[in-house]
Amino acid sequence: DKRLEVVELSAELAGMRREMFGGAEPWRRFTPSALNTQRCFARTWAGGLGGQCGKRRMVGSEFCDVHQDEASRMELGRVDGPIPERKLRQFMRQSTLVSLKGASSAAVDGSSADAPAAAAAATGRPVLP
């Protein structure tokens, strides 16, 4: 039954989430694997995946002209540091939506039951609730 498959996938995703975030810092999941030291060090939303601002740094600063003021750069935090709690919850919610969308599509159309792996392959990052 398709509904049972969705429930099983949801339970599997919940287990993966517990494994991933047991002792790890969850903000690292939304940090690019490689940082460009010539670019601004502000974190960007990047579709809920987290990214680095693509603008050039201002001379003598780690930030671009847009992220020079502390309020704008602290909204999502530095790309190499923690994400403020409220925004981290938004990143996690977006990740859950992407995961569940992939899992429910797989269950409905009868495709692979490994939807989280397919989503991870598509984004290049683990996709967990």
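Begin by selecting Cys 53, which is buried at a relative accessible area of 6% (buried means under 20% relative accessible area, exposed over 50%, and partly exposed in between, with a 1.4 Å probe and protein chains only). The model is a predicted one, in which local features need pLDDT of at least 70 and side-chain atom pairs count only at pLDDT 80 or more, while totals for chains, interfaces and linings use all residues. Residues are numbered from 1 along each chain as its sequence is written, and side-chain values use heavy atoms, with hydrogens and water left out.

**The cysteines**

With Cys 53 still selected, display the cysteine sulfur atoms. The count of disulfides comes to zero, a disulfide being a pair of cysteine sulfur atoms within 2.5 Å. Cys 53 is in no disulfide, and the nearest cysteine sulfur, which belongs to Cys 64, is 3.9 Å away. Move next to Cys 64, which is also in no disulfide and has the sulfur of Cys 40 as its nearest cysteine sulfur, at 3.7 Å. Cys 64 counts as buried, with 0% relative accessibility.

**The aromatic cluster**

Now select Phe 30, Trp 45 and Phe 91 together, since these residues form one aromatic cluster. A pair of aromatic rings is described by the distance of the centres and the angle of the planes. Here rings of Phe, Tyr and Trp (its six-membered ring) pair if their centres lie within 6.5 Å, and planes under 30 degrees apart count as stacked, over 60 as edge-to-face and the rest as tilted.

How many aromatic pairs does a search of the whole structure find? The search finds two. In one of them, the rings of Phe 30 and Phe 91 have centres 5.0 Å apart and planes at 35°, so the pair is tilted. Phe 30 sits in the loop between α1 (2-21) and β1, whereas Phe 91 is in helix α3, so this pair ties together parts that are 61 residues apart in sequence. For these elements, helices (H or I, at least four residues) and strands (E, at least two) are DSSP runs, numbered from the N terminus. Phe 30 is buried, with a relative accessible area of 3%, and Phe 91 counts as buried at 0% relative accessibility.

The rings of Trp 45 and Phe 91 have their centres 4.7 Å apart and their planes at 35°, so this pair is likewise tilted. The pair links distant parts of the chain, with Trp 45 in the loop between β1 and β2, Phe 91 in helix α3, and their positions 46 residues apart. Trp 45 is partly exposed, with a relative accessible area of 33%.

From Trp 45, go on to Ala 46, which is found in the loop between β1 (43-44) and β2 (51-52). The phi of Ala 46 is near 50°, a positive value in a residue other than glycine, and Ala 46 is partly exposed at a relative accessible area of 40%.

**Arg 73 and its surroundings**

Select Arg 73 in helix α2 (residues 70-74). Which side chain of opposite charge is nearest to Arg 73? It is Glu 70, 4.8 Å away, and Arg 73 is buried yet has no salt bridge. In these assignments Lys and Arg count as positive and Asp and Glu as negative, while His and the chain ends are not counted; a salt bridge is a side-chain nitrogen of Lys or Arg within 4 Å of a carboxyl oxygen of Asp or Glu. The side chain of Arg 73 does reach the backbone oxygen of Gln 68, at 2.6 Å. Leaving aside residues up to four places away in sequence, Arg 73 touches Ala 42, Phe 63, His 67, Gln 68 and Arg 78, where contact means heavy atoms within 4.5 Å.

**The salt bridges**

Continue to Arg 78, which forms a salt bridge with Glu 62, the closest N and O atoms being 2.6 Å apart. This pair links distant parts of the chain, since Arg 78 lies in the loop between α2 and α3 (85-109) and Glu 62 in the loop between β2 and α2, 16 residues apart. Arg 78 is partly exposed, with a relative accessible area of 24%, and Glu 62 is partly exposed at 34%.

Next, select Lys 87 and Glu 75, whose side chains meet in a salt bridge (3.3 Å, N to O). Lys 87 lies in helix α3 and Glu 75 in the loop between α2 and α3, so the pair ties together parts that are 12 residues apart in sequence. Lys 87 is buried, with a relative accessible area of 11%, whereas Glu 75 counts as partly exposed at 44%.

Note on methods:
Polar contact = N/O pair within 3.5 Å; in protein donor to acceptor, adjacent residues only side chain to side chain.
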